[in-house]
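Here is a short briefing on one protein chain. Please keep the sequence and the model side by side while reading.

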Amino acid sequence: GAELRAGLRFFAGNRVLVAITSGVIIAMMGLGAVNVLLVFFVTGNLHVSAGWLGPMAAALGAGMVAGALATGWVSARIGTGWVFCLGLAGCGLALAVFSRMTQLSPAFVLTALVGLTFGLATGALPALLLGQIPQEMVGRVMGVFNPLQQLAAIASAALAGVLASTVLRGLDVTVAGVRFGAVDAVLGAGALLVLAAGLAVMAALRWAGL
């Protein structure tokens, strides 16, 4: 208990840590919807069988591996903070375009791009966090960060499921010539959250001089 309180005090007193964690929580609130709704997007929006979910997950994983491997090289050239923020923002943009897909082939490309940008962000995150945490406080602070991140993902998954199956169930509207259904509307909203998270953390890190 004492160690947890010490971690909370240090965490709350570091504006950069608060900004990064807030961005991660916002991003996870957006990305959690993907895990819940992807199978319905594949069958309902891409009009293919659920059997394609496995290959799409493989494309996502391959992109994430490529992004993680490229993190060090890119960070050495533009900085870890920029890699994290641009990775999140790029992930949000790629997910927004993905949510509008109606054909399998371009959706595969967008899936890999979502994985690539997310891999860059997650690859840069540990170095960004450890740059702000003294060695003796790493365990205490990560004991605060990790549960917050997981809770955001769980809450997002639950909220996405509820919205798509109840509040937005049967949604079929057209705005400015663009047609929205329940699943793609929720994914699009999640994409905007991820994009906003990247831009918000970018502004916070620039304000902090990082």
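Leu86 is partly exposed, with a relative accessible area of 42%. That value lies between the 20% limit for buried and the 50% limit for exposed, so Leu86 falls in the middle class. The model is a predicted one. The points below start from Leu86 in α4, then turn to the nonpolar core, two serines and a hairpin.

**Surface patch**
- Leu86 sits in helix α4.
- Together with Ile78 and Trp82, Leu86 makes a nonpolar surface patch.
- The patch covers about 260 Å².

**Nonpolar core**
- In soluble globular proteins, nonpolar side chains tend to be buried together.
- Here the largest nonpolar core has 55 residues.
- Ile20, Leu37, Leu46, Phe84 and Phe98 touch the most other members of this core.
- Five helices each supply at least two core residues: α2 (15-44), α4 (80-98), α5 (104-130), α6 (138-167) and α7 (182-207).
- Helix α2 gives the largest share, with 13 residues.
- Phe98 is one of the core residues with the most contacts to other members.
- Beyond four places in sequence, Phe98 touches Leu38, Phe41, Met56, Ala107, Leu110 and Thr111.

**Ser99, between α4 and α5**
- Ser99 lies in the loop that links α4 and α5.
- Its relative accessible area is 3%, so Ser99 is buried.
- Leaving out residues up to four places away in sequence, Ser99 touches Phe41, Asp184, Leu187 and Gly188.
- Phe41 is thus a contact of Ser99 and also of Phe98.

**Ser75, in α3**
- Ser75 belongs to helix α3, which spans residues 53-78.
- Ser75 counts as buried because its relative accessibility is 15%, and the cut-off is under 20%.
- Outside its neighbours within four places in sequence, Ser75 is in contact with Thr80 and Val83.
- Ser75 and Ala127 are 52 residues apart along the chain, and their C-alpha atoms are separated by 10.0 Å.

**Hairpin β1-β2**
- Strand β1 (residues 172-175) pairs with strand β2 (residues 178-181).
- The pairing is antiparallel and runs over 4 bridges.
- Val175 stands opposite Val178 in β2.
- The two strands, β1 and β2, form a hairpin with 2 residues between them.
- Ala176, in the turn, has a positive phi of about 55 degrees.

Key: Residues are numbered from 1 along each chain as its sequence is written. This is a predicted model: local features need pLDDT of at least 70, side-chain atom pairs count only at pLDDT 80 or more; totals for chains, interfaces and linings use all residues. Side-chain values use heavy atoms; hydrogens and water are left out. A nonpolar core is a set of buried Ala, Val, Leu, Ile, Met, Phe, Trp, Tyr and Cys residues joined through side-chain atoms within 4.5 Å. Buried means under 20% relative accessible area, exposed over 50%, partly exposed in between (1.4 Å probe, protein chains only). Contact means heavy atoms within 4.5 Å. Patches are made of residues with over 30% relative accessible area and no salt bridge: like charges are joined within 9 Å, nonpolar side chains (Val, Leu, Ile, Met, Phe, Trp, Tyr) within 5 Å. Accessible areas come from the Shrake-Rupley method with a 1.4 Å probe; for residues, only the protein chains shown count as cover. A salt bridge is a side-chain nitrogen of Lys or Arg within 4 Å of a carboxyl oxygen of Asp or Glu. Two strands pair if DSSP finds at least two bridges between them.
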